[in-house]
Amino acid sequence: MSFPIDAIRAQFPALANNLIFFDNPGGTQVPQRVIDAVSHYWATSCANIGGAFATSQRTDATIAAARAAMARLLGTPAPYEIVFGQSMTALTFHLARSFGETLKPGDEIIVTNLDHDANVAPWLNLVKSTGAVIRRVPFDPATGLLDFAALEATLNPGKTRLLAITAASNALGTTPDVQAATALAHAAGALVYVDAVQAVPHIPTDVRALDCDFLACSAYKFFGPHIGVLYGKREHLERLTPHKVRPAKNTIPHCWEQGTLNHECLAGVAAAVEYIESIGMDAMAHYEAELGAHLLDGLAQIPNLTVYGPGKHGRVPTVAFTLAGYTPRAVSEILGAAGICSWSGNYYAVGVMEALDLTDGAVRVGLAHYNTTLEIDRLLDVLRALECPPQK
């Protein structure tokens, strides 16, 4: 069966404005059902939790539905292992603070140079407060692939306490073998914290199969509202000490959710997961792989343009490139003037840009399942017209 792209695009009101939206790694567009779910919550259920009246009880049900939906999406049969928060970044800092209380001087944490800084800075912060040591695992600048030999050599049994690793680079699209990395880390006695922000929109995710200890993602990267989601194995969520107000529940996951949750966003989270389920993650991933191959083939034909990261395999459809004679920002501005949304800079992937020696970063184009080959061809046409540096 062919991919129903026209029917899919018709569900996204923002796509009717003729913009070509390729800034999907920065945040996707939302289908009408998500918009309706948020609006419906405000109209029918706006209240705080735990009350003895109808709208409060509807809010309780909204949160439960969102938690169950995320449990399905991430592959855990236990909704109480799903924690909601302001953002993936905020949740990671929160968890890192509690994890840091278990560290002693000399304990080691491993981060990778492929990661978004949201999975690096929270662990770096522990150095001063705990005396922990940060170890870094590089990637191959020529291929964009994580150096697994270096990872294995960096793991220090008895000393390594945690591996923080991305499931998909927000800059290069690289998808390290998280399952293999987790097995190595566990063999060394370390826990594993996975940044899956860029993976969940593109790759079927199963935390039980990965066997990771924690996995964080963001709903606004998979067609939902701006809210963060953290999966944590029950044993760790119960063992670590959350920082909360005293009247808050002491049971998981509630003890990890600081303050009042964004209830209307949670209504949208459930709707976003239901949307993904209606299309099928496997079908989306297959179609996106075709789009990504088309993009990479086209970019390879443009002189003076350099693509960074893996080839067509071992990646999500997120592509970083530079064009000789133009700054990344200048290219994005030209694309923006042509109605094409892209991004430029480092996108918080500090380690990536340092390893590639890209002071100004790179242009980033990220595809989603609602994009088309015609949109990619329009992008390629604009870039071909920029082959020669502008005359001074």
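**How α12 and α15 pack, and some loop details**

The crossing of α12 and α15 is right-handed, meaning that the near helix is turned clockwise from the far one by less than a right angle (anticlockwise would make it left-handed). This comes from a predicted model, in which local features need pLDDT of at least 70 and side-chain atom pairs count only at pLDDT 80 or more, while totals for chains, interfaces and linings use all residues. Residues are numbered from 1 along each chain as its sequence is written, and side-chain values use heavy atoms, with hydrogens and water left out.

Two packed helices are described by the angle between their axes and the distance between the axes. For α12 (residues 281–300) and α15, the axes come within 10 Å and cross at roughly 15 degrees. Here the axes are lines fitted to C-alpha atoms over the stretch in contact, and angles run from 0 to 180 degrees between N-to-C directions. α12 and α15 are therefore roughly parallel to each other, a label for angles under 35 degrees. On the α12 side, the contact (heavy atoms within 4.5 Å) is made by L291, H294, L295, G298 and L299. Their partners on α15 are T373, I376, D377, L379, L380 and L383.

What about α15 itself? This helix covers residues 373–384, 12 in total, and reaches 16 Å from its first C-alpha to its last, close to the 16 Å expected at 1.5 Å a residue. That expected span is 1.5 Å times one less than the number of residues. Its buried residues (under 20% relative accessible area, with a 1.4 Å probe and protein chains only) are E375, I376, L379, L380, V382 and L383. Seen down the axis of α15, these buried residues fall within an arc of 160 degrees, so they line one face of the helix; the arc is that of the directions from the helix axis to the C-beta atoms.

Helix α11 (263–279) is largely enclosed by the rest of the structure, because 13 of its 17 residues are buried. Right after α11 comes G280, with a positive phi near 100 degrees.

The loops have their own quirks. Between α10 (234–239) and α11 sits P253, joined to I252 by a cis peptide bond with omega about 0 degrees. D211, in the loop between α9 (207–210) and β7 (214–218), has a phi near 65 degrees, a positive value in a residue other than glycine. D357 also isn't a glycine, yet has a positive phi of about 55 degrees; D357 is found between α14 (350–356) and β13 (362–366). At 64% relative accessibility, D357 counts as exposed, the word for values over 50%.

Conventions: Helix = DSSP H or I, 4+ residues; strand = E, 2+ residues; numbered from the N terminus. Parallel < 35°, antiparallel > 145°, perpendicular 65-115°, else oblique.
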